Amino acid sequence: FWYPIGEDHAACVTCHTGGGYIDTANGVPVKERRTGYQPITCAVCHDPHDASTPAQLRIFDAVTLPDGTQVAEAGAAATCMTCHNTRVDPVASVEGERFSLPHYSAAAELINGTGGYTWGEQLPSILHSTIIEDSCVACHMAETPGMTEDGEPLPGHNEIGGHSFAMVSASGEQAVGYCQECHGEQMASFEMEASDDYDGDGRRETNEAELQGLLEDLHMELRIRGVEFLDSYPYVTMPENASVDLKGAVYNYKLASDNAIPAHNLDYLVALLQLSYERVTGEELVGADLLY
């Protein structure tokens with residue numbers, strides 16, 4: 001986790017070292033931020049000397065995402081969104097001179113229905129961004145399972161929710177308690193059956209399986225058109241004179257493959273992959289229930 005630090009990684013230290021995050025929150029210019037290793041401790045996110053915000057968070061309520069989207073009233077989730085974003089403006093990347101791909105964790109964009117290259121289309125979003133107060137925090141920091149009357153920890157105690165931030169424990173316990181407030185107690189797992197056949201394979205599977213099917217469909221078409229996928233940075237080798245359509249589809253493939261989590265924004269991810277398939281092939285995905 002601490003690899004991309006040091007003087008030659010000044011743009012990375014915002015999230016990969018404690019001092020860099022604090023300097024960012026305090027408005028220190030990129031070239032002047034501390035770049036040495038420091039763990040992400042309590043005092044990195046919370047300022048022990050300033051109680052002007054709830055929980056003394058250094059960043060609270062408002063954040064601007066790399067594509068210019070301004071998120072207001074994000075509450076404590078603004079802290080999460082400061083780091084968990086693409087680091088890249090998709091339009092500038094796909095249409096500009098330097099093509100680059102999104103960073104791994106783009107939950108901030110997806111929760112807010114943005115982050116992909118959409119060719120100017122308005123894509124659908126699920127309601128999580130509008131009905132879940134404090135978005136990221138409500139789910140990832142939900143109350144952790146408590147203790148039995150005999151003082152024994154319940155499954156998942158301090159392994160999911162709270163400051164573990166985890167939604168699934170090492171033993172497989174899932175933090176579905178907050179989800180059940182809307183979806184009902186019958187929701188015992190994050191794996192839910194999809195409403196439609198999004199990948200056109202003739203079967204209605206789980207949301208995760210439908211997303212994976214779409215990724216496989218798009219991956220095949222991108223390889224046919226000369227895109228070579230790599231195991232590490234820069235992640236792909238593009239053919240010479242790649243079109244905007246091809247670049248946009250590759251960008252969206254990387255975004256979705258790294259963030260194939262239905263709860264963050266299933267409808268947006270499905271529509272983005274289906275649209276990318278059409279722009280690359282010139283045809284709609286046969287048999288798929290389209291969302292765009």
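Start by selecting arginine 225, which is partly exposed at 31% relative accessibility. You are looking at a predicted model, so take each stop on this tour as a computed one. Now add glutamate 221 to the selection: it forms a salt bridge with arginine 225, and the closest N and O atoms are 2.6 Å apart. Glutamate 221, for its part, is buried, at 11% relative accessibility.

**More charged pairs**

Next, pick out Asp201, Arg203 and Glu205, which salt bridges with shared partners join into one network. Within that group, show the side chains of arginine 203 and aspartate 201, which meet in a salt bridge at 3.1 Å, N to O. Aspartate 201 counts as partly exposed, with a relative accessibility of 33%.

How many salt bridges does a search of the whole structure find? The count is eight. For another of them, move to arginine 58 and aspartate 47, whose closest N and O atoms are 3.4 Å apart. Both residues sit in the loop between helix 3 (42–45) and strand 1 (63–64), so this pair ties together parts that are 11 residues apart in sequence. Is aspartate 47 buried or exposed? At 16% relative accessibility, aspartate 47 counts as buried.

Stay in this loop between helix 3 and strand 1 and select aspartate 61. Check its backbone angles: aspartate 61 has a positive phi of about 80 degrees, although it is not a glycine. Aspartate 61 is partly exposed, with a relative accessible area of 29%.

**The disulfide**

Now show the cysteines. The structure holds one disulfide, and you will find it by selecting cysteine 15 and cysteine 83, whose sulfur atoms are 2.3 Å apart. Turn the view to look along the S-S bond: the angle about it is -105 degrees, and the link is left-handed. Which parts does the pair tie together? Cysteine 15 lies in helix 1 (residues 13–16) and cysteine 83 in helix 4 (residues 77–83), so the link spans parts that are 68 residues apart in sequence. Cysteine 15 counts as buried at 11% relative accessibility, and cysteine 83 is buried too, with a relative accessible area of 15%.

While the cysteines are on screen, select cysteine 45. Cysteine 45 is in no disulfide, and the nearest cysteine sulfur, that of cysteine 83, is 7.8 Å away. Cysteine 45 is partly exposed, at a relative accessible area of 23%. Then go to cysteine 139, which is also in no disulfide. The nearest cysteine sulfur to cysteine 139 belongs to cysteine 179, at 5.4 Å. Why is no disulfide assigned there? A disulfide needs the sulfur atoms within 2.5 Å. Cysteine 139 is buried, with a relative accessible area of 17%.

**A pocket**

Return to helix 1 and helix 4, and add strand 1: each of these supplies at least two residues of the lining of the second largest pocket. About 340 Å³ of space lies in this pocket. To centre your view on it, select Thr14, Thr64, Pro66, Thr82 and Asn85, the closest to its centre of the 16 lining residues.

**The tyrosines**

For the next stop, select Tyr104, Tyr233 and Tyr235, which ring pairs link into a cluster. The structure holds four aromatic pairs. One to look at is tyrosine 233 with tyrosine 235: the ring centres are 5.8 Å apart and the planes are at 90 degrees, so the pair is edge-to-face. Tyrosine 233 is exposed, with a relative accessible area of 59%.

Now follow the backbone from tyrosine 233 to proline 234. A cis peptide bond joins the two, with omega at about 10 degrees. Proline 234 is found in the loop between strand 3 (228–229) and strand 4 (236–237), and tyrosine 235 is found in the loop between strand 3 and strand 4 as well. Tyrosine 235 has a positive phi of about 75 degrees, although it is not a glycine.

What lies over the face of tyrosine 235? Add lysine 254 to the view, at 4.3 Å from the ring centre.

**Last stop**

Finish at tyrosine 251, in helix 11 (residues 244–258). Tyrosine 251 is buried, with a relative accessible area of 0%. Select valine 94 along with it: the two residues are 157 apart in sequence, yet 7.5 Å apart in space, C-alpha to C-alpha.

Conventions:
Residues are numbered from 1 along each chain as its sequence is written. This is a predicted model: local features need pLDDT of at least 70, side-chain atom pairs count only at pLDDT 80 or more; totals for chains, interfaces and linings use all residues. Side-chain values use heavy atoms; hydrogens and water are left out. Helices (H or I, at least four residues) and strands (E, at least two) are DSSP runs, numbered from the N terminus. Buried means under 20% relative accessible area, exposed over 50%, partly exposed in between (1.4 Å probe, protein chains only). A salt bridge is a side-chain nitrogen of Lys or Arg within 4 Å of a carboxyl oxygen of Asp or Glu. Rings of Phe, Tyr and Trp (its six-membered ring) pair if their centres lie within 6.5 Å; planes under 30 degrees apart count as stacked, over 60 as edge-to-face and the rest as tilted. A charge sits over a ring if NZ of Lys or CZ of Arg is within 6 Å of the ring centre and within 35 degrees of the ring normal. On a 1 Å grid over the protein atoms alone, a cavity is a set of points where a 1.4 Å probe fits but cannot get out, and a pocket is an open set with protein on both sides within 12 Å along at least five of seven lines; lining residues have an atom within 4 Å of a point. Grid points are joined across faces, edges and corners, and a volume is the space filled by probe spheres set on the points.
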